[in-house]
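This report covers the packing of two helices, one residue at their contact, and the annotated segments of the chain.

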Amino acid sequence: MANVIAFLFGTIALILAIIGFIPLLGWLNWLIILIAGVGAAFGAASDKNSGRNFCFVVMGICALRLWMGGGII
């Protein structure tokens, strides 16, 4: 069950990440990293690793976008 919750948090974060790629909305990626982090915490409580790893991938995508934009933009 925790793996399913992790996938839901990851999916919500990924949908928001698509919006966060619009210029001047890069600040949204900070919120997305927090949402995906909560999903990764739920994924860590599960026996399976797929939900946790999916959240880590979303966090990595958002961190890359923040790095390219200088942290805010």
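In this predicted model, helix 1 contributes Ala 2, Ile 5, Ala 6, Phe 9, Ala 13, Leu 16, Ala 17, Ile 19 and Gly 20 to its contact with helix 2. On the side of helix 2, the residues that meet them are Leu 28, Asn 29, Ile 32, Ile 35, Ala 36, Val 38, Gly 39, Phe 42 and Gly 43. By class, the residues of this contact are 14 nonpolar and four polar, with no charged residue.

Two packed helices are described by the angle between their axes and the distance between the axes. For helix 1 (residues 2-20) and helix 2, the axes come within 8 Å and the crossing angle is roughly 170°. An angle over 145 degrees counts as roughly antiparallel, and helix 1 and helix 2 are therefore roughly antiparallel to each other. The crossing of helix 1 past helix 2 is left-handed.

Asn 29 lies in helix 2, which spans residues 28-44. Its relative accessibility is 0%, so Asn 29 counts as buried, the cut-off being under 20%. Leaving aside residues up to four places away in sequence, Asn 29 touches Ala 17 and Gly 20 as well as Cys 62, Arg 65 and Leu 66. Ala 17 and Gly 20 are also among the helix 1 residues in the contact with helix 2.

An unreviewed UniProt entry lists residues 27-46 and 53-72 under "transmembrane region". The table gives the computed values for these segments.

| Segment | Helix | Strand | Distance between end C-alpha atoms |
|---|---|---|---|
| Residues 27-46 | 85% | 0% | 30 Å |
| Residues 53-72 | 80% | 0% | 25 Å |

Terms used:
Residues numbered from 1 in each chain as written. Predicted model: local features only at pLDDT ≥ 70, side-chain atom pairs only at ≥ 80, totals over all residues. Heavy atoms only, no water. Helix = DSSP H or I, 4+ residues; strand = E, 2+ residues; numbered from the N terminus. Buried < 20%, exposed > 50% of the residue type's maximum accessible area, 1.4 Å probe, protein only. Contact = heavy atoms within 4.5 Å. UniProt positions renumbered as here; feature names shortened; annotations may be inferred. Axes fitted to C-alpha atoms, helices over the stretch in contact; angles between N-to-C directions. Parallel < 35°, antiparallel > 145°, perpendicular 65-115°, else oblique. Left-handed = near helix turned anticlockwise from the far one by under 90°. Nonpolar A, V, L, I, M, F, W, Y, C, P; charged D, E, K, R; others polar.
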